[in-house]
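Welcome, and please open your viewer. This tour tells you what to select at each stop and what you will find there.

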Amino acid sequence: MLVAADKFKGSLTAVEVAERVTAGLRGVRADVEVEALPVADGGDGTVAAAVAAGFARHEVRVRGPLGDEVTAAYALRDGTAVVEMAEASGLQRLPDGVLAPLTASTYGSGELLRAALDAGARNIVFGVGGSATTDGGAGMLAALGARFLTASGEPVGTGGGALAELASADLSGLDPRLGSVEFVLASDVDNPLTGAKGAAAVYGPQKGASPEDVERLDAALAHYAKVLDASALAGAPGAGAAGGIGFGALLLGARFRPGIEVMLEVLGFASALERADLVITGEGSLDEQTLHGKAPAGVASAARAAGKDVIAVCGRLALAPEVLGKAGIRRAYALTDLEPDVAKCIADAGPILERTAERIAQDYLT
C-alpha cells in the first residue's frame with residue numbers, strides 16, 4: 001500500500017499525514033506493508049516532501065518578505081535542487097502575521113535560488129505558492145543581479161506597489177549560471193500576470209490587498225512588464241503564480257509545468273506506484289480546487305493510468321462520489337465523518353486521522 005498524500009493545511013504536514021495513516025492501518029493489520037511518499041504540488045511543504053523522499057535539507061539565512069532575516073531551506077540531491085519560494089517569501093514569514101500586500105518582496109526567494117546554484121545545482125525545480133508577495137518576482141530578480149531604477153536613477157522600493165515608479169530595468173547583471181541550468185517553474189495555477197485573472201486580482205485579497213490596492217498592484221505589474229518589454233510574456237500561463245513570481249521565473253528562462261506533475265517525477269512516484277496494490281492520497285479539503293492541479297488529483301490521475309485503485313483521506317469532503325470517480329478516486333474518507341465539529345477536527349486531526357485509517361483497513365484489508 002502506498003500513502004501519497006499532501007498536507008492537511010493548518011493541522012498536519014504531509015509527513016505527519018503519512019505517519020498517522022500508517023499507524024491506523026497497522027492498528028488493524030500489523031503485517032500490512034505500507035510505503036510512505038509525502039507529496040506536494042509546488043506550494044508550501046514542497047521542500048519537506050523532497051527531504052522525506054531522500055533529498056538533503058540545506059538551510060540558509062535570507063531576507064523575509066519584509067526584509068528581516070529568516071532561516072529558509074531548499075532540498076538537493078544529485079544536482080537537482082527543489083526550491084520553495086514560500087520558505088523565504090511565504091505568508092508564514094510575515095512578522096507577527098501582519099499582511100503587507102504593497103511592500104512584501106521576493107528578494108529572499110532569489111537568495112535561495114542563488115544558494116542552490118552555489119551548492120552546484122544543475123537542475124532547479126522552483127515550487128511557487130503560498131506567497132506573501134505581489135511584486136512580479138522583481139525582488140527575486142534583484143537578488144540575482146537585476147537592477148530596477150526610478151527616473152532619478154535610484155533603486156525602486158520593495159514590493160509590488162513600488163513598481164509604479166519603475167523607469168528602467170537592467171538585466172545584464174543576472175547570475176550567468178542561470179543560463180546553464182534546467183529551470184522548471186512548478187505551480188498549481190496558470191494565471192497570467194495581470195488582468196481580471198491576474199496575480200493581484202485573484203490572489204491579492206488573500207494577502208491583505210484592498211480593492212484599491214488590487215487596482216494599484218495590477219497597474220504597477222502591467223507597467224513593470226511594459227518597462228521590461230515583456231508584456232507578451234505577462235500573459236503566459238503561470239506568469240501570475242505566487243504574486244507574479246512566475247513571471248520573473250519565466251523571464252529567467254524557466255519552463256512552466258504543473259507542480260504536482262513535476263513533484264511526482266522528482267519524488268520517484270512511478271517506481272513506488274509499481275510496488276503498490278492500493279494508493280491512499282488526500283489533503284485537508286477535497287473540493288473543486290482539488291480537481292485543478294492539486295496533489296490528490298495528480299496522484300489519482302497517475303495511479304489510474306497505471307491501473308491502481310485510489311482512495312482518499314481528507315479533513316472535509318465537498319465532492320460528490322461521481323465527481324470523485326471521474327477524478328480517479330474510488331472513495332474518500334473525511335475526518336468530519338467521525339467528528340462533525342470542524343474546529344475539533346483541526347485541533348485533533350492526528351488521532352482522528354488514525355481512526356479514519358482504521359476504517360480504511362477494516363474496509364480494504366480484512
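Below, we walk through a predicted model, one selection at a time.

**Stop 1: the open sheet**

Begin by selecting the strands E3, E4, E5, E6, E9 and E10. These six strands form an open sheet in the order E3-E4-E5-E6-E9-E10, and the pairing is mixed. Strand E3 (56–63) and strand E10 (255–258) stand at the edges with a single partner strand each, so one side of each has no neighbour in the sheet. On average, and ignoring direction, neighbouring strands of this sheet are turned by 30° against each other.

Now zoom in on strand E4 (residues 69–77) and strand E5 (residues 80–84). They pair in the antiparallel sense, over four bridges. For one bridge to look at, pick Tyr74: its partner in E5 is Val83. As background, strands of a sheet pair through backbone hydrogen bonds, either parallel or antiparallel.

**Stop 2: helices across the sheet**

Keep the sheet on screen and add helix H4 (residues 107–118). H4 lies across E3, E4, E5, strand E6 (123–127) and E9, and runs at about 140° to E3.

Next, add helix H9 (residues 241–251). H9 lies across E6, E9 and E10, running at about 160° to E9. Why is H9 largely enclosed by the rest of the structure? Ten of its eleven residues are buried, so the rest of the structure largely encloses the helix. Among the buried residues of H9 are Ala241, Ile245, Phe247 and Leu250. Step just past the end of H9 to find Gly253, which takes a positive phi of about 95°.

**Stop 3: Phe183**

Select Phe183, which is found in strand E9 (residues 182–187). Is Phe183 buried or exposed? Its relative accessible area is 4%, so Phe183 counts as buried.

Which residues does Phe183 touch, leaving out those up to four places away in sequence? The contacts are Leu113, Ile124, Phe126, Ala249, Leu252, Gly253, Ala254 and Arg255. Two of these names link back to the previous stop: Ala249 is one of the buried residues of H9, and Gly253 is the residue with positive phi just after H9. Ile124 is worth a click as well: the C-alpha atoms of Phe183 and Ile124 are separated by 4.9 Å, although the two residues are 59 residues apart along the chain.

**Stop 4: parallel strands and a crossover**

Move on to strand E11 (residues 278–286). Seven of its nine residues are buried, so E11 is mostly covered. Strand E1 (residues 2–3) is joined to E11 by two bridges, and these strands run parallel. In this pairing, Leu2 has Val279 in E11 as its bridge partner.

E11 is also joined to strand E12 (residues 309–317), by eight bridges and again in parallel. To see one opposing pair, select Leu286 and then Leu317 in E12. Add helix H12 (residues 295–305) and follow the chain: E11, H12 and E12 make a right-handed β-α-β unit.

**Stop 5: two cysteines**

For the last stop, look at the cysteines. How many disulfides does the structure hold? There are zero. Cys314 is in no disulfide, and the nearest cysteine sulfur, that of Cys345, is 9.8 Å away. Seen from Cys345, the closest cysteine sulfur is in Cys314, at a distance too far for a bond. Cys314 is buried, at 0% relative accessibility, and Cys345 is buried too, with a relative accessible area of 5%.

Notes:
Residues are numbered from 1 along each chain as its sequence is written. This is a predicted model: local features need pLDDT of at least 70, side-chain atom pairs count only at pLDDT 80 or more; totals for chains, interfaces and linings use all residues. Side-chain values use heavy atoms; hydrogens and water are left out. Buried means under 20% relative accessible area, exposed over 50%, partly exposed in between (1.4 Å probe, protein chains only). Contact means heavy atoms within 4.5 Å. A disulfide is a pair of cysteine sulfur atoms within 2.5 Å. Two strands pair if DSSP finds at least two bridges between them. A crossover is right-handed if, with the strands pointing away from the viewer, the path from the first strand over the helix to the second runs clockwise. Axes are lines fitted to C-alpha atoms, for helices over the stretch in contact, and angles run from 0 to 180 degrees between N-to-C directions.
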